[in-house]
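Trainee: I am new to this one. Can we go through it step by step?
Mentor: Gladly. Here it is.

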Amino acid sequence: MCAQIYESICRRCNFGTLFRNNMTYEALFDQISQKKSYLCVGLDTDIRKIPAHLQKESDPVFEFNKQIIDATADYCVSYKPNIAFYEALGAKGWESLQKTVEYIPKSHFTIADAKRGDIGNTSGLYARTFFDPSSSGLNFDSVTVAPYMGSDSVTPFLDFEGKWVILLALTSNAGGSDFQRLETDEGLLYEQVLKTSQTWAGHDRMMYVVGATQAHDLANIRTIVPEHFLLVPGVGAQGGNLEEVSRYGMNKSCGLLVNASRSIIYASSGLDFAQKAKEEAQTLQKEMAIYLDEYCQ
(Lines give C-alpha, C1' and ligand atoms only; values in the text may rest on other atoms or scores of the structure.)
Protein backbone atom coordinates (compact mmCIF):
# COMPACT_ATOMS: atom_id res chain seq x y z
CA MET A 1 0.00 0.00 0.00
CA CYS A 2 2.82 2.43 0.87
CA ALA A 3 4.50 1.75 -2.45
CA GLN A 4 1.24 2.45 -4.30
CA ILE A 5 0.76 5.74 -2.42
CA TYR A 6 4.36 6.77 -3.17
CA GLU A 7 3.93 5.96 -6.86
CA SER A 8 0.71 8.00 -6.96
CA ILE A 9 2.42 11.01 -5.34
CA CYS A 10 5.37 10.76 -7.73
CA ARG A 11 3.06 10.77 -10.73
CA ARG A 12 1.02 13.73 -9.50
CA CYS A 13 4.17 15.74 -8.72
CA ASN A 14 5.99 14.77 -11.92
CA PHE A 15 8.72 13.02 -9.87
CA GLY A 16 8.38 9.90 -12.05
CA THR A 17 9.62 11.83 -15.06
CA LEU A 18 12.28 13.84 -13.24
CA PHE A 19 13.87 10.87 -11.50
CA ARG A 20 13.45 8.06 -14.02
CA ASN A 21 16.74 6.14 -13.94
CA ASN A 22 18.55 5.66 -17.24
CA MET A 23 18.24 2.12 -18.57
CA THR A 24 21.58 0.39 -19.13
CA TYR A 25 22.31 -2.45 -21.55
CA GLU A 26 22.63 -4.85 -18.63
CA ALA A 27 19.42 -3.65 -16.96
CA LEU A 28 17.49 -4.08 -20.20
CA PHE A 29 18.73 -7.64 -20.65
CA ASP A 30 17.88 -8.33 -17.00
CA GLN A 31 14.28 -7.23 -17.62
CA ILE A 32 14.11 -9.42 -20.71
CA SER A 33 15.44 -12.40 -18.77
CA GLN A 34 13.04 -11.90 -15.86
CA LYS A 35 9.95 -11.51 -18.01
CA LYS A 36 10.96 -13.93 -20.77
CA SER A 37 9.91 -11.20 -23.16
CA TYR A 38 11.48 -8.75 -25.59
CA LEU A 39 8.16 -7.17 -26.51
CA CYS A 40 7.86 -3.45 -27.11
CA VAL A 41 4.29 -2.13 -27.21
CA GLY A 42 3.86 0.71 -29.68
CA LEU A 43 1.55 3.44 -28.40
CA ASP A 44 0.46 4.66 -31.85
CA THR A 45 -2.65 6.11 -30.33
CA ASP A 46 -5.00 7.56 -32.93
CA ILE A 47 -7.82 9.50 -31.29
CA ARG A 48 -10.05 8.51 -34.22
CA LYS A 49 -9.67 4.83 -33.28
CA ILE A 50 -10.11 5.10 -29.53
CA PRO A 51 -13.19 3.21 -28.28
CA ALA A 52 -16.25 5.41 -28.23
CA HIS A 53 -16.83 5.08 -24.49
CA LEU A 54 -13.49 6.82 -23.81
CA GLN A 55 -14.25 9.89 -25.90
CA LYS A 56 -16.13 11.43 -22.98
CA GLU A 57 -12.96 11.48 -20.86
CA SER A 58 -11.17 14.80 -20.36
CA ASP A 59 -8.06 13.24 -21.93
CA PRO A 60 -9.17 10.21 -23.98
CA VAL A 61 -5.69 9.58 -25.40
CA PHE A 62 -4.10 9.30 -21.97
CA GLU A 63 -6.97 7.25 -20.58
CA PHE A 64 -6.61 4.82 -23.49
CA ASN A 65 -2.82 4.61 -23.00
CA LYS A 66 -3.18 4.19 -19.24
CA GLN A 67 -5.46 1.19 -19.64
CA ILE A 68 -3.24 -0.33 -22.33
CA ILE A 69 -0.19 0.05 -20.06
CA ASP A 70 -2.01 -1.47 -17.09
CA ALA A 71 -3.07 -4.41 -19.25
CA THR A 72 0.27 -5.13 -20.94
CA ALA A 73 3.04 -4.10 -18.52
CA ASP A 74 3.55 -7.65 -17.22
CA TYR A 75 4.22 -8.97 -20.71
CA CYS A 76 6.50 -6.35 -22.26
CA VAL A 77 9.77 -4.61 -21.44
CA SER A 78 9.34 -1.42 -23.45
CA TYR A 79 6.85 1.18 -24.69
CA LYS A 80 7.24 3.25 -27.84
CA PRO A 81 4.93 6.22 -28.35
CA ASN A 82 4.93 7.31 -31.99
CA ILE A 83 5.34 11.04 -31.56
CA ALA A 84 3.39 12.00 -34.71
CA PHE A 85 0.13 10.78 -33.18
CA TYR A 86 0.59 13.26 -30.32
CA GLU A 87 2.01 16.16 -32.32
CA ALA A 88 -1.05 16.02 -34.59
CA LEU A 89 -3.19 17.03 -31.61
CA GLY A 90 -1.18 20.15 -30.79
CA ALA A 91 -0.59 21.22 -27.20
CA LYS A 92 -3.17 18.77 -25.83
CA GLY A 93 -1.36 15.92 -27.56
CA TRP A 94 1.93 16.88 -25.93
CA GLU A 95 0.16 16.95 -22.57
CA SER A 96 -1.19 13.45 -23.21
CA LEU A 97 2.30 12.30 -24.18
CA GLN A 98 3.88 13.72 -21.03
CA LYS A 99 1.30 12.07 -18.80
CA THR A 100 1.80 8.79 -20.65
CA VAL A 101 5.58 8.84 -20.18
CA GLU A 102 5.12 9.65 -16.50
CA TYR A 103 2.73 6.71 -16.13
CA ILE A 104 4.95 4.09 -17.75
CA PRO A 105 6.64 2.01 -15.02
CA LYS A 106 10.29 2.90 -14.48
CA SER A 107 11.20 -0.74 -15.09
CA HIS A 108 10.26 -0.35 -18.79
CA PHE A 109 12.49 1.05 -21.53
CA THR A 110 10.89 4.08 -23.17
CA ILE A 111 11.35 5.03 -26.82
CA ALA A 112 10.38 8.35 -28.37
CA ASP A 113 9.66 7.28 -31.93
CA ALA A 114 10.34 10.70 -33.41
CA LYS A 115 12.82 9.97 -36.24
CA ARG A 116 14.59 13.30 -35.73
CA GLY A 117 17.86 14.44 -37.29
CA ASP A 118 19.11 17.90 -38.28
CA ILE A 119 22.18 20.12 -38.02
CA GLY A 120 23.93 20.15 -34.67
CA ASN A 121 22.23 22.99 -32.81
CA THR A 122 18.77 21.86 -33.94
CA SER A 123 19.48 18.25 -32.99
CA GLY A 124 20.59 19.54 -29.62
CA LEU A 125 17.17 21.08 -29.10
CA TYR A 126 15.47 17.88 -30.25
CA ALA A 127 17.58 16.03 -27.67
CA ARG A 128 16.44 18.44 -24.94
CA THR A 129 12.86 17.84 -26.03
CA PHE A 130 12.99 14.13 -25.28
CA PHE A 131 15.76 13.84 -22.69
CA ASP A 132 15.61 16.95 -20.47
CA PRO A 133 12.55 16.96 -18.20
CA SER A 134 13.52 20.32 -16.71
CA SER A 135 13.09 21.79 -20.19
CA SER A 136 10.22 19.86 -21.77
CA GLY A 137 8.78 17.66 -19.05
CA LEU A 138 9.75 14.55 -21.05
CA ASN A 139 12.38 12.02 -19.96
CA PHE A 140 12.60 9.15 -22.45
CA ASP A 141 15.34 6.54 -22.37
CA SER A 142 15.87 6.75 -26.14
CA VAL A 143 14.84 8.42 -29.37
CA THR A 144 14.78 7.22 -32.97
CA VAL A 145 17.04 9.26 -35.25
CA ALA A 146 17.55 9.47 -39.02
CA PRO A 147 21.29 9.10 -39.78
CA TYR A 148 21.63 10.56 -43.24
CA MET A 149 22.89 14.02 -42.20
CA GLY A 150 25.85 12.33 -40.56
CA SER A 151 27.60 12.38 -37.21
CA ASP A 152 26.93 15.98 -36.20
CA SER A 153 23.19 15.36 -36.49
CA VAL A 154 23.39 12.38 -34.13
CA THR A 155 26.04 13.16 -31.53
CA PRO A 156 23.99 15.91 -29.77
CA PHE A 157 21.61 13.17 -28.62
CA LEU A 158 24.58 11.21 -27.25
CA ASP A 159 25.68 14.22 -25.20
CA PHE A 160 22.94 13.25 -22.73
CA GLU A 161 24.67 10.74 -20.49
CA GLY A 162 22.98 7.36 -20.31
CA LYS A 163 20.51 8.07 -23.10
CA TRP A 164 20.20 5.93 -26.21
CA VAL A 165 20.06 6.71 -29.92
CA ILE A 166 18.14 4.30 -32.15
CA LEU A 167 19.30 4.84 -35.73
CA LEU A 168 17.20 3.99 -38.74
CA ALA A 169 19.13 1.30 -40.61
CA LEU A 170 16.95 -0.93 -42.79
CA THR A 171 13.25 -0.16 -42.80
CA SER A 172 10.43 -2.24 -44.24
CA ASN A 173 8.38 0.47 -45.92
CA ALA A 174 7.89 0.25 -49.68
CA GLY A 175 10.28 3.11 -50.43
CA GLY A 176 12.98 1.98 -48.02
CA SER A 177 15.09 0.47 -50.78
CA ASP A 178 15.16 3.76 -52.74
CA PHE A 179 18.27 4.73 -50.78
CA GLN A 180 19.05 2.13 -48.11
CA ARG A 181 20.08 -0.55 -50.61
CA LEU A 182 22.07 1.67 -52.94
CA GLU A 183 25.45 0.18 -53.88
CA THR A 184 28.52 2.04 -52.60
CA ASP A 185 32.23 1.27 -52.85
CA GLU A 186 31.99 -0.33 -49.40
CA GLY A 187 28.74 -2.25 -49.77
CA LEU A 188 25.10 -1.28 -49.49
CA LEU A 189 24.32 2.14 -48.02
CA TYR A 190 22.56 0.73 -44.96
CA GLU A 191 25.65 -1.40 -44.26
CA GLN A 192 27.79 1.72 -44.37
CA VAL A 193 25.43 3.39 -41.88
CA LEU A 194 25.91 0.45 -39.51
CA LYS A 195 29.69 0.48 -39.86
CA THR A 196 30.27 4.23 -39.62
CA SER A 197 27.87 4.86 -36.75
CA GLN A 198 29.77 2.44 -34.52
CA THR A 199 32.48 5.10 -34.30
CA TRP A 200 29.96 7.45 -32.68
CA ALA A 201 28.87 5.23 -29.77
CA GLY A 202 29.09 1.65 -28.55
CA HIS A 203 26.46 -1.02 -28.19
CA ASP A 204 25.58 0.36 -24.74
CA ARG A 205 24.26 3.62 -26.20
CA MET A 206 23.10 2.83 -29.73
CA MET A 207 20.48 0.58 -31.28
CA TYR A 208 19.29 0.16 -34.86
CA VAL A 209 15.87 -0.04 -36.49
CA VAL A 210 15.49 -3.08 -38.73
CA GLY A 211 12.05 -3.88 -40.12
CA ALA A 212 10.64 -7.33 -39.33
CA THR A 213 9.80 -7.93 -42.97
CA GLN A 214 13.57 -7.70 -43.64
CA ALA A 215 14.27 -10.79 -41.51
CA HIS A 216 16.34 -12.40 -44.27
CA ASP A 217 18.87 -9.54 -43.86
CA LEU A 218 19.28 -9.99 -40.12
CA ALA A 219 22.02 -12.62 -40.40
CA ASN A 220 24.11 -10.18 -42.44
CA ILE A 221 23.33 -7.31 -40.07
CA ARG A 222 24.49 -9.42 -37.13
CA THR A 223 27.92 -9.85 -38.74
CA ILE A 224 28.27 -6.04 -38.73
CA VAL A 225 26.69 -5.24 -35.34
CA PRO A 226 26.94 -8.46 -33.33
CA GLU A 227 26.31 -6.96 -29.88
CA HIS A 228 23.86 -4.10 -30.50
CA PHE A 229 20.16 -4.20 -29.75
CA LEU A 230 17.89 -4.04 -32.77
CA LEU A 231 14.46 -2.42 -32.62
CA VAL A 232 12.30 -4.51 -34.92
CA PRO A 233 8.89 -3.10 -35.90
CA GLY A 234 6.49 -4.90 -38.17
CA VAL A 235 5.51 -8.01 -36.19
CA GLY A 236 1.76 -8.33 -36.00
CA ALA A 237 -0.38 -6.16 -38.26
CA GLN A 238 2.48 -5.66 -40.75
CA GLY A 239 3.06 -9.39 -41.16
CA GLY A 240 6.61 -9.85 -39.85
CA ASN A 241 7.55 -13.37 -38.73
CA LEU A 242 8.62 -13.48 -35.07
CA GLU A 243 10.37 -16.84 -35.32
CA GLU A 244 12.53 -15.72 -38.25
CA VAL A 245 13.37 -12.43 -36.57
CA SER A 246 14.38 -14.28 -33.41
CA ARG A 247 16.37 -16.97 -35.18
CA TYR A 248 18.45 -14.59 -37.29
CA GLY A 249 18.50 -11.52 -35.05
CA MET A 250 19.01 -12.74 -31.51
CA ASN A 251 22.40 -12.66 -29.78
CA LYS A 252 23.65 -13.84 -26.37
CA SER A 253 22.01 -10.81 -24.69
CA CYS A 254 18.82 -11.23 -26.72
CA GLY A 255 19.65 -8.06 -28.62
CA LEU A 256 16.09 -7.56 -29.83
CA LEU A 257 13.17 -5.32 -28.99
CA VAL A 258 10.30 -6.48 -31.17
CA ASN A 259 7.57 -3.89 -31.51
CA ALA A 260 3.88 -4.58 -32.00
CA SER A 261 1.44 -1.70 -32.11
CA ARG A 262 -1.90 -2.03 -33.90
CA SER A 263 -2.23 -5.78 -33.33
CA ILE A 264 -2.20 -5.11 -29.57
CA ILE A 265 -3.70 -1.71 -28.91
CA TYR A 266 -6.49 -2.07 -31.48
CA ALA A 267 -7.23 -5.74 -30.83
CA SER A 268 -10.74 -4.57 -29.94
CA SER A 269 -12.64 -1.31 -30.30
CA GLY A 270 -15.14 -2.15 -27.61
CA LEU A 271 -15.39 -2.07 -23.83
CA ASP A 272 -13.02 -5.04 -23.70
CA PHE A 273 -10.16 -3.30 -25.58
CA ALA A 274 -7.74 -3.51 -22.65
CA GLN A 275 -8.46 -7.18 -22.00
CA LYS A 276 -7.97 -8.03 -25.66
CA ALA A 277 -4.71 -6.04 -25.69
CA LYS A 278 -3.57 -8.05 -22.67
CA GLU A 279 -4.36 -11.31 -24.44
CA GLU A 280 -2.44 -10.29 -27.56
CA ALA A 281 0.59 -9.21 -25.53
CA GLN A 282 0.50 -12.39 -23.48
CA THR A 283 0.37 -14.51 -26.64
CA LEU A 284 3.48 -12.79 -28.01
CA GLN A 285 5.28 -13.09 -24.67
CA LYS A 286 4.66 -16.84 -24.53
CA GLU A 287 6.07 -17.26 -28.02
CA MET A 288 9.06 -15.09 -27.15
CA ALA A 289 9.82 -17.24 -24.10
CA ILE A 290 10.26 -20.23 -26.42
CA TYR A 291 12.65 -18.38 -28.72
CA LEU A 292 14.69 -16.98 -25.82
CA ASP A 293 15.36 -20.53 -24.63
CA GLU A 294 16.18 -21.66 -28.16
CA TYR A 295 18.20 -18.80 -29.67
CA CYS A 296 19.56 -16.58 -26.85
CA GLN A 297 23.00 -18.14 -26.48
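Trainee: Which residue stands opposite Phe229 in E9?
Mentor: Met207 does. Keep in mind that this is a predicted model.

Trainee: What makes E8 and E9 count as paired?
Mentor: Strand E8 covers residues 206-210 and strand E9 residues 229-232. They share three bridges, in the parallel sense. Pairing takes at least two bridges, so the term applies.

Trainee: Where do these strands sit in the sheet?
Mentor: Eight strands close into a barrel, in the order E1-E2-E3-E4-E5-E8-E9-E10. The pairing is parallel. On average, neighbouring strands are turned by 30° against each other, direction ignored.

Trainee: Which helix packs on the sheet, touching E5 and E8?
Mentor: Helix H10, residues 189-197. Its direction makes about 155° with that of E5, residues 164-170. Angles over 145 degrees count as roughly antiparallel, so H10 runs roughly antiparallel to E5.

Trainee: Now the helices. Why is H7 called roughly parallel to H9?
Mentor: The axes of H7 (residues 120-131) and H9 (residues 151-158) cross at roughly 30°. The cut-off for roughly parallel is under 35 degrees, so the name fits. The axes come within 8 Å, and the crossing is right-handed.

Trainee: Which residues make the contact?
Mentor: From H7, Gly120, Ser123, Gly124, Tyr126, Ala127 and Phe131. From H9, Asp152, Ser153, Pro156 and Phe157.

Trainee: How do the residues of this contact divide?
Mentor: Into five nonpolar, four polar and one charged. Asp counts as charged, so Asp152 of H9 belongs to that last class.

Notes. Residues are numbered from 1 along each chain as its sequence is written. This is a predicted model: local features need pLDDT of at least 70, side-chain atom pairs count only at pLDDT 80 or more; totals for chains, interfaces and linings use all residues. Side-chain values use heavy atoms; hydrogens and water are left out. Axes are lines fitted to C-alpha atoms, for helices over the stretch in contact, and angles run from 0 to 180 degrees between N-to-C directions. Helices (H or I, at least four residues) and strands (E, at least two) are DSSP runs, numbered from the N terminus. Angles under 35 degrees count as roughly parallel, over 145 as roughly antiparallel, 65 to 115 as roughly perpendicular and the rest as oblique. A crossing is left-handed if the near helix is turned anticlockwise from the far one by less than a right angle, and right-handed if clockwise. Contact means heavy atoms within 4.5 Å.
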